[in-house]
Amino acid sequence: MVLVLAAPVPAAHADPATDFEDYLERAARSTGLPGLAAVVTHRDRVVLATGFGHDSDGNPVTADTPMRIASVSKSFTAMAVMTLVEDGRIALDEPVAARLPGFTMADPRHERITARHLLNQTSGLSDTTVDTEALRDATSLADYASRLHAASLADDPGTRYRYCNVNYDLAARLVEVASGRRFRDYLREAVFAPLGMSRSAVSDDELRPADGYNSLFGAWVPRPEMPGFHDDSGAGGVITTAADLGRWLVSQNGYGTRLVSAEGSRTMHMPSTVDDYAMGWAPDDAGRLTHSGNLFTYNAVQAIVPGTGHGFAVLTNGAGVQDDTYPVLEGLAAIAGGGRPEDPGGGRQAFELVLGLVAAASAALAVVGVRRARRWAERRAGTARWRAAARLVPVLLPVAVFAAYPYSIEVVSSGRTVTWEQLTYFAAPLTIALGVAALSGLVVAVARVARLRSVQSAR
């Protein structure tokens, strides 16, 4: 489905909808994504909502194809909280612990966490002090909150920004308690329905998207999303469409149906006192308010430009070593400003090609190393053991790198928990390349040790 409505246009473009669609068609090809959907809005109008490619069930991707939007969900959770704030049922600056039955932590500072802290991600909650793996199979938001009893805080509430999904799942639980409704029901009734977002939900039971894809050395492999707490999740559970996001973006820019007051919108879009992150939104270098979302088989990004009234969202059902949704969005924003962006993409394909070559080269070197193991052993048969062992260090370095792989990713991602299972999804090409290199080094080392023992025994 392609939805095109009239819109005010920049002087440089007589037909912006055509420019946007032409660019997206090229972007779908240049990124190589299996399915891509996008929407562009301007003030109170949807300029274009469209889709390209296919889903894993073989259906064409359109503006009405449901997709997981991961952490883009946080802006919806913030809106649900703000509607209750303006209704007098939540106070942004009152502690939430007393409002949440079963929510306790080993750290007494948790009693000072407020709703504002949760939405600004300044509560002190962190993946480094919370066992997020223990939360994955929670059966409800109440169960989720009760599992935090052994966790602690990394900082005093309100003193430091730390991105942590627990903040928004607790915010969703606060919505349940304050409204007396399940989070999914309240979001549907107070946010989705007033905006006409009829193809949006926070549960697979209500709206099930097709399985997404992972890129594996250029081939897109369909895979079910990683198990985890998705139903009712305030941190990343929303499933929606490009067309529905168009209605959302219009409202977020202050046009059409308004869910909260102008002051409420300003509060959600305003950075905290300690970081640029607001409430499910953050400014980028171009003056846009944005939020991206990354699951293991789906990626998404949204942006609004308060100065021009433009809104953009890009969704894809494929996840690889590089997320192309933000570059595509930047291209849409450039066109809205009268520019002519280059086609995005190519980085993922190039990186995966390099990784494939690394894996192939490692395997080839392993074959050569095994064949030459006897020659290596004969040259070192009379040397001290420590010298021979030292000569094995270079071929065993890939083994050490592979063993430290998930912990290295945790450091790069600011302490967020990373498991081996997760590394077999969008990072699969890197995982395979490192694994092949490690296995190749180990095989060569074993062959050399075996040959060395054989040669020494013969002497």
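**Close-up 1. The buried side of helix H6.** Phe 183, Arg 184, Asp 185, Tyr 186, Leu 187, Ala 190, Val 191, Phe 192 and Leu 195 are the buried residues to look for in H6. Keep in mind that this is a predicted model, here and in every other view. The cover over those buried residues includes helix H2 (73-86), helix H4 (141-146), helix H5 (165-179) and helix H7 (242-252). H6 itself takes in residues 183-195, and at 1.5 Å a residue its 13 residues should span 18 Å; the C-alpha atoms at its ends sit 17 Å apart, which agrees. Even so, H6 has a kink of about 35°, centred on Glu 189. Just after the helix comes Gly 196, with a positive phi near 75°.

**Close-up 2. Strand E2 and its two partners.** E2 covers residues 35-42, and 8 of its 8 residues are buried, so the strand is largely enclosed by the rest of the structure. Gly 35, Ala 37, Val 39 and Thr 41 point one way, while Leu 36, Ala 38, Val 40 and His 42 point the other way, and all of them are buried. Strand E3 (residues 45-53) runs antiparallel to E2 and is joined to it by 8 bridges. Strand E11 (residues 310-316) is also antiparallel to E2, this time over 7 bridges. Leu 36 is a handy residue to follow: its bridge partner in E3 is Phe 52, and its bridge partner in E11 is Thr 316. At the turn of the E2 and E3 hairpin there are 2 residues between the strands, and Arg 43 takes a positive phi near 55°.

**Close-up 3. His 310 in strand E11.** Zooming in on E11, we find His 310. Is this residue buried or exposed? His 310 counts as buried, with 10% relative accessibility against a cut-off of under 20%. Leaving aside residues up to four places away in sequence, His 310 touches Thr 41, His 42, Asn 253, Ala 303, Ile 304, Val 305 and Ala 336. Thr 41 and His 42 point opposite ways from E2.

**Close-up 4. A three-stranded open sheet.** This open sheet has 3 strands in the order E6-E5-E12, and the pairing is mixed. Strand E6 (219-223) and strand E12 (318-319) are the edge strands, each pairing on one side only. Strand E5 (residues 212-216) pairs with E6 in the antiparallel sense, over 5 bridges. Within that pair, Leu 216 stands opposite Ala 219 of E6.

**Close-up 5. Helices H10 and H15 side by side.** The axes of H10 (residues 347-371) and H15 (residues 428-458) come within 9 Å and cross at roughly 10°. H10 and H15 are therefore roughly parallel to each other. From H10, the contact is made by Glu 352, Leu 355, Ala 359, Ser 362, Ala 363, Leu 365, Ala 366, Gly 369 and Val 370. From H15, the contact is made by Pro 429, Leu 430, Ala 433, Val 436, Ala 437, Ser 440, Val 443, Val 444 and Ala 447.

**Close-up 6. Thr 114 in its loop.** Thr 114 lies in the loop between H2 and helix H3 (115-120). This loop residue is buried, with a relative accessible area of 6%. What does Thr 114 touch, not counting residues up to four places away in sequence? Thr 114 touches Leu 92, Asp 93, Glu 94, Pro 95 and Val 96. H2, at one end of the loop, also appears in the first close-up as part of the cover over the buried residues of H6.

Definitions and conventions: Residues numbered from 1 in each chain as written. Predicted model: local features only at pLDDT ≥ 70, side-chain atom pairs only at ≥ 80, totals over all residues. Heavy atoms only, no water. Helix = DSSP H or I, 4+ residues; strand = E, 2+ residues; numbered from the N terminus. Expected span 1.5 Å × (residues − 1). Bend = angle between axes of the 7 residues up to and from the residue. Buried < 20%, exposed > 50% of the residue type's maximum accessible area, 1.4 Å probe, protein only. Contact = heavy atoms within 4.5 Å. Pairing = 2+ DSSP bridges. Axes fitted to C-alpha atoms, helices over the stretch in contact; angles between N-to-C directions. Parallel < 35°, antiparallel > 145°, perpendicular 65-115°, else oblique.
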